[in-house]
Amino acid sequence: MATVPKKTSSRAPVTAKEFLFVWEGKDKTGKIIRGEMRATTPNVVQTVLRRQGILAHKITKQAFARGKKITDKDIALFTRQLSTMMRSGVPLLQSFDIAIKGCGNPSFARLLNEVRSDVETGSSLSQAFRRHPLYFDALFCNLVAAGEQAGILDSLLDRLATYKEKMLAIKSKIKSAMFYPIAVVVVAALVIAVMMLFVVPEFKKVFTSFGADLPAPTMVVIAISDFFVEYWYLFFGILAGTVFGISFTYKRSQAMQIAVDRAILQIPVIGEVVRKATIARWTRTLSTMFAAGVPLVEALDSVGGAAGNIVYKTATKQIQSDVSTGTSLTVSMQNSLVFPTMVVQMVSIGEESGQLDSMLGKVAEFFEREVDDAVAGLSQLLEPIIMVFLGVVIGGLVVAMYLPIFKLGAVVGG
């Protein structure tokens, strides 16, 4: 009688997830010892310890506390730590253990623990990182993969850490330059709103009791205040709706992204700072990718997103398309019309001399210094402009409110 063979499942075996357990027990001499172990269940920990001659009487699963948001700074610091430890000869898994224990952000510690578990169960480091695209982008994963394939992971991690640190420095400088003027404008707007909604109406009551004609500036301010008091909800609703609408549309519409990013580049002074910072990121990213041995066409795939501006991202896609059909990088960049002549000439020299990564690095350093100088100049330029703005707007409101009082004093004195 023939037997029907059983169907074998084609599914890959599911690997049980491991957790970190903290244990306490006694060895054969009765000495109390403590330690940590990764395992699927407390029973596994107890079995392993019993084989080692340790009687465990306390096994606790290590719980990660709820942490704050994972930032680029966390990623950059971890990359630098991992690079340093691997250069010192510390094994990869042990490097992860050290990084997890020293991590100040529980959310990031939990993320690193998941990456470590994937590596421990047989995944490559780049594959483990690719499972978390929200925190480790294509550029990060591609460089790690290139380092693993070439056997120079520590060197590539060092280069990647340097890249992350420089990108953070540029972002930090731009944010610091913009924080002061934005904060002053917001505070000024709040002060004006409070004056219009609460202060001016009280002055209006006082002026009404005078029974005299008010100066034109005072009448204008009172009219604006009356409008605010009656339609304040409409004003703030339109303002909030506009901000939300632009933000919502920007995330979902490429046309809106192009319009906003192009408009930012056209803003006097500020647009030039953003343009220089974008070019610095673009050249630094391409230099890092190309030096790691990533082919130019593949490198350009990650460069566009790293630029941080949709105008340059769109231009990079066209450059990538041109390069893939045999056009030189120099000609492709020149045709894009978004790069200064100096950048194109430096790239041309790099291509002719075979030192493209070095030339791109020099361009990045030049524009990073330009960003430093531009941010310093922007701070010095904006400060007097802001002071004049505050003096004219808020000072004008105060003078308009006191004009009737001055007029009344002159009448009484006469």
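What follows is a short chat about reading helix packing, cores and single residues in a predicted model.

Me: Let's start with helix pairs. What describes two packed helices?

Reply: Two packed helices are described by the angle between their axes and by the distance between those axes. Here, take H2 (residues 72-87) and H3 (residues 92-101): their axes come within 10 Å, and the crossing is roughly 135°. That angle falls outside the 65 to 115 degree band and is not over 145, so H2 and H3 are oblique to each other.

Me: And which hand does the crossing of H2 and H3 have?

Reply: H2 and H3 cross in a right-handed way.

Me: Which residues in H2 and H3 actually meet?

Reply: On the H2 side you have Phe78, Gln81, Leu82, Met85 and Met86, and they meet Leu92, Ser95, Phe96, Ile98 and Ala99 in H3. By character, the residues of this H2 with H3 contact split into eight nonpolar and two polar, with no charged ones.

Me: Okay, now H9 and H10. At what angle do their axes cross?

Reply: For H9 (residues 254-266) and H10 (residues 270-291), the crossing is at roughly 115°, and the axes come within 5 Å. H9 and H10 are therefore roughly perpendicular to each other. H9 brings Ile264, Leu265 and Gln266 to the contact, while H10 brings Gly271, Val274 and Arg275. Sorting the residues of the H9 with H10 contact gives three nonpolar, two polar and one charged.

Me: How are the axes of H9 and H12 placed?

Reply: The axes of H9 and H12 (residues 310-324) come within 8 Å and cross at roughly 115°, so this pair is roughly perpendicular. In H9, the residues involved are Gln254, Gln257, Ile258, Asp261, Arg262 and Leu265; their partners in H12 are Ile310, Val311, Tyr312 and Thr314. The contact of H9 with H12 divides into five nonpolar, three polar and two charged residues.

Me: Let's turn to the cores. How many residues are in the largest nonpolar core?

Reply: The idea is to link up buried nonpolar residues through their side-chain atoms. In this model the largest such core has 72 residues, and the ones with the most contacts inside it are Leu125, Phe129, Trp282, Leu286, Leu329, Met333 and Phe339. Helix H15 (residues 356-413) gives the most to this core, with 10 residues.

Me: Pick Leu286 from that list. Which residues is Leu286 in contact with?

Reply: If you leave aside neighbours within four places in sequence, Leu286 is in contact with Leu296, Ala299, Leu300, Val303, Leu329 and Leu360. Apart from the largest core there lies another one, of 11 residues, including Val200, Ile222, Leu397 and Met401.

Me: Now single residues. Is Ala76 buried or exposed?

Reply: The cut-off for buried is under 20% relative accessible area. Ala76 has 3%, so it is buried. Ala76 lies in helix H2, and beyond neighbours within four places in sequence it is in contact with Lys164 and Leu168. As for distances, Ala76 and Ser88 are 12 residues apart in sequence and 18 Å apart in space, C-alpha to C-alpha.

Me: What about Val344: buried or exposed?

Reply: Val344 is found in helix H14. Its relative accessible area is 8%, so Val344 is buried. Not counting residues up to four places away in sequence, Val344 touches Thr330, Met333, Gln334 and Phe339. From Val344 to Val206 is 138 residues in sequence and 68 Å in space, C-alpha to C-alpha.

Me: Where is Arg159?

Reply: Arg159 is placed in helix H7 (residues 153-210). With 35% relative accessibility, Arg159 counts as partly exposed. Leaving out residues up to four places away in sequence, Arg159 touches Thr288 and Ala291. Arg159 and Glu114 are 45 residues apart in sequence and 24 Å apart in space, C-alpha to C-alpha.

Me: Last one, on backbone angles. Which sign of phi do most residues other than glycine have?

Reply: Most residues other than glycine have a negative phi. Leu337 has a positive phi of about 65° although it is not a glycine. Leu337 sits in the loop between helix H13 (329-336) and helix H14 (341-353). With a relative accessible area of 74%, Leu337 is exposed.

Key: Residues numbered from 1 in each chain as written. Predicted model: local features only at pLDDT ≥ 70, side-chain atom pairs only at ≥ 80, totals over all residues. Heavy atoms only, no water. Axes fitted to C-alpha atoms, helices over the stretch in contact; angles between N-to-C directions. Helix = DSSP H or I, 4+ residues; strand = E, 2+ residues; numbered from the N terminus. Parallel < 35°, antiparallel > 145°, perpendicular 65-115°, else oblique. Left-handed = near helix turned anticlockwise from the far one by under 90°. Contact = heavy atoms within 4.5 Å. Nonpolar A, V, L, I, M, F, W, Y, C, P; charged D, E, K, R; others polar. Core = buried A, V, L, I, M, F, W, Y, C linked by side-chain atoms within 4.5 Å. Buried < 20%, exposed > 50% of the residue type's maximum accessible area, 1.4 Å probe, protein only.
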